[in-house]
Structures are given as structure tokens and as C-alpha cells.
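Colleague: Could you zoom in on one part of this model for me and talk me through it? Start from a single residue and work outwards, please.

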Amino acid sequence: MSAVKPVSFTLVITGAPYVSQAPQTALSFARAAVSAGHAIDRVFLYGDGVHLASSLCCAPSDEVNWHREWSDFIAQQQIPAVACIASALRRGLVDDGEARRYERDAHNVQPPFRLLGLGEWVESMTSSSRVLYFQPGGGH
Amino acid sequence: MSVLVIVDRSPYGSWSGRESMDMALSLAAFDQPVTLLFSGVGVNWLRAGQDPASIFQKAVERNLAAAPIFGIGALLADQQSLEDFGLDASQCVTGVMPVTVEPTLLARFDDVVCL
């Protein structure tokens with residue numbers, strides 16, 4: 001069998017954890033792609049997908065903490081992980097800087113996740129071999 | 001690179017259409033060719049004279065009016081969906097182009113985005 005030519009992917013996640021399967025499916029894909037020698041250029045959280053960036057997620061002890069799983073993976077692989085700032089702010093996802101800017105008394109987004117604009121997604125559209133969308137599904 | 005962004009959600013029942021529109025506007029802002037296609041219940045975005053003030057939302061017509069100014073190439077509408085909702089061009093905002101959605105239409109674009 002001939003070797004598969006490496007491909008670079010950007011993964012766009014639009015489904016929230018514990019509401020949809022999107023973050024789990026995307027993580028399974030990302031792990032498989034990396035182990036097959038492909039690159040993940042960027043993970044971009046959009047719409048309800050930004051909830052994956054919340055460090056305040058408290059999953060029951062017998063369930064997987066998808067925020068932690070994703071955080072560990074992107075830190076190990078050094079993959080840029082971006083939550084769309086417009087989607088995030090509307091949904092109460094703020095980092096330290098935005099918490100100060102909007103005078104909020106807490107923040108729930110921290111590295112390796114960052115809050116940035118849709119320009120990051122546009123950049124992926126022009127540079128990644130493939131941009132894949134992991135959506136809520138389930139009739140939504 | 002040319003991108004088709006499809007809006008197939010109703011204008012006020014879901015935020016998805018607005019976030020699709022934001023994607024299209026961002027592409028245009030970075031000088032990337034982008035076209036919008038409204039289909040299914042999404043064609044209701046195109047109705048002229050919307051007044052959603054009573055449900056505390058801003059009319060999406062303003063977003064559509066801004067589309068050509070910001071460089072979005074065209075506002076396409078699925079002809080069948082327009083008929084399903086009893087809409088004709090005279091009831092729509094200006095600049096809408098009815099089209100038949102078929103594989104050859106989608107094949108004209110390098111990427112198709114549908115949230």
C-alpha cells in the first residue's frame with residue numbers, strides 16, 4: 001500500500017459538549033489524523049462550540065471531562081485552539097482580559113484556548129488542505 | 001478560493017443564520033470571494049419589510065443590505081424554497097437571484113459552508 005500524502009486540517013466545532021457529540025467526534029478524528037501523520041493546523045470553536053473552552057465545566061466523576069481531554073490534547077500537540085470571541089462573549093465565555101474589559105468578576109477561558117476573531121477561520125480557509133465542520137446534528 | 005455560505009435556518013428562530021452571515025462578512029472583509037445561498041426556511045431571511053421589534057430582535061434585512069457593500073458577491077435563493085413559502089422576487093429585498101440548487105451550482109465553489 002502506498003503511503004498517504006500528509007494533509008493539514010482545520011477542525012471547526014459548532015456543537016457544545018454534553019449537548020452534542022461534536023467535540024468527542026472531532027477529538028477522535030484529530031487523534032486519528034495525528035497518529036496517521038497528518039497535521040491539525042488549528043481548532044476553531046464557533047457558535048455553541050465555544051462552550052468547550054470553559055474551564056469551569058464540572059463533569060460528574062464517572063463521565064469524561066471533554067474540556068480537559070481537549071485541553072490536554074492541544075497542549076501536547078501544540079495546536080492553536082481558538083474560540084470565536086463574538087460567539088464566546090455572547091455565551092458568557094471570557095478570558096482574563098475580556099473579564100477586565102467588561103468588568104466581570106470571573107473568567108473561564110484560559111490557555112491553551114484563546115479568544116480571537118473569525119479572521120482566524122478565514123486564515124484557515126486559505127491555508128489548510130481541508131476545513132472540517134463538527135456540528136450538533138441530532139436534528140438541530 | 002471561492003466559498004458558498006448556505007443559510008438554511010429561519011431568521012429569528014436560531015442564531016445559526018446570523019453566525020453564517022458573520023462568516024460570509026468575514027470572508028468578504030479579507031477579500032475572499034463569497035456568495036450566500038438561502039434555502040429551506042432560510043429564504044424567510046429575504047422577506048422585505050420585516051419588523052421583529054416585538055420579539056426584541058434586530059431585523060436581518062440590515063445585514064442583507066450590507067452584504068454587497070462589504071463585498072459579498074451575490075444573494076442566491078433556492079427557487080423551490082421561494083415557491084414553498086409563497087415568495088416571489090417582488091416580496092424580497094433587492095438583489096436576490098433565484099437559482100435552481102443542483103450539484104453543478106455547488107461545484108462552482110471551492111468550499112461550501114452550511115452550519
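Modeller: Sure, let's start with Ser8(A), which has 16 C-beta neighbours inside 10 Å and so counts as partly exposed. Being buried would take 20 or more of those neighbours, and being exposed 12 or fewer, so 16 falls in between. Keep in mind that this is a predicted model.

Ser8(A) sits in strand β1 of chain A. Leaving aside residues up to four places away in sequence, Ser8(A) touches Ala39(A), Asp41(A), Ser128(A) and Ser129(A). Take Asp41(A) from that list: Ser8(A) and Asp41(A) are 33 residues apart in sequence, yet their C-alpha atoms are 6.1 Å apart in space.

Now step from the strand to a helix that packs on it. The buried residues of α5(A) pack against β1 (8-13), β2 (39-45) and β5 (130-134) of chain A. From chain B, β1 (3-7), α1 (16-29) and β5 (111-113) join in. Which residues of α5(A) are buried? Trp121(A), Val122(A), Ser124(A) and Met125(A) are. Looking around the axis, they cover an arc of only 160°, which is why they end up on the same side of α5(A).

That brings us to where the two chains meet. Here, 12 residues of chain A are in contact with 12 residues of chain B. On the chain A side, α3 (85-90) and α5 (119-127) each supply at least two of the touching residues. The largest share there, 4 residues, comes from α5(A). By class, the side of chain A that touches chain B splits into 6 nonpolar, 6 polar and no charged residues.

Elsewhere in chain A there's a helix pair to look at. The axes of α1 (residues 22-35) and α2 (residues 66-77) of chain A come within 11 Å and cross at roughly 25°. An angle under 35 degrees counts as roughly parallel, so that is how α1(A) runs relative to α2(A). The crossing of α1(A) and α2(A) is left-handed. On the α1(A) side, the residues that make the contact are Pro23(A), Gln24(A), Leu27(A), Ala30(A) and Val34(A). They meet Trp66(A), Glu69(A), Trp70(A), Phe73(A) and Gln77(A) in α2(A). Sorted by class, the contact of these two helices has 7 nonpolar, 2 polar and 1 charged residues.

A few backbone spots deserve a look too. Most residues other than glycine have a negative phi, and most peptide bonds are trans. Glu103(A), though not a glycine, has a positive phi of about 55°. You'll find Glu103(A) in the loop between α4 and β4 of chain A, and with 6 C-beta neighbours inside 10 Å it counts as exposed. Pro112(A) is in the loop between α4 (96-101) and β4 (113-116) of chain A, and a cis peptide bond with omega of about 10° joins Pro111(A) and Pro112(A).

Over in chain B, Phe56(B) has a positive phi near 60° and is not a glycine either. Phe56(B) lies in the loop between β2 (34-38) and α2 (61-69) of chain B, and its 7 C-beta neighbours inside 10 Å make it count as exposed.

One last stop: Leu105(B), in helix α4 (residues 103-106) of chain B. Leu105(B) has 16 other C-beta atoms within 10 Å, so it is partly exposed. The C-alpha atoms of Leu105(B) and Leu4(B) are separated by 9.7 Å, with their positions 101 residues apart along the chain.

Terms used
Residues are numbered from 1 along each chain as its sequence is written. Chains are lettered from A and ligands numbered from 1 in the order in which they are written. This is a predicted model: local features need pLDDT of at least 70, side-chain atom pairs count only at pLDDT 80 or more; totals for chains, interfaces and linings use all residues. Two residues are in contact if their C-beta atoms, placed from the backbone, lie within 7 Å. Ala, Val, Leu, Ile, Met, Phe, Trp, Tyr, Cys and Pro count as nonpolar, Asp, Glu, Lys and Arg as charged, and the others, Gly among them, as polar. The arc is that of the directions from the helix axis to the C-beta atoms. Axes are lines fitted to C-alpha atoms, for helices over the stretch in contact, and angles run from 0 to 180 degrees between N-to-C directions. Angles under 35 degrees count as roughly parallel, over 145 as roughly antiparallel, 65 to 115 as roughly perpendicular and the rest as oblique. A crossing is left-handed if the near helix is turned anticlockwise from the far one by less than a right angle, and right-handed if clockwise.
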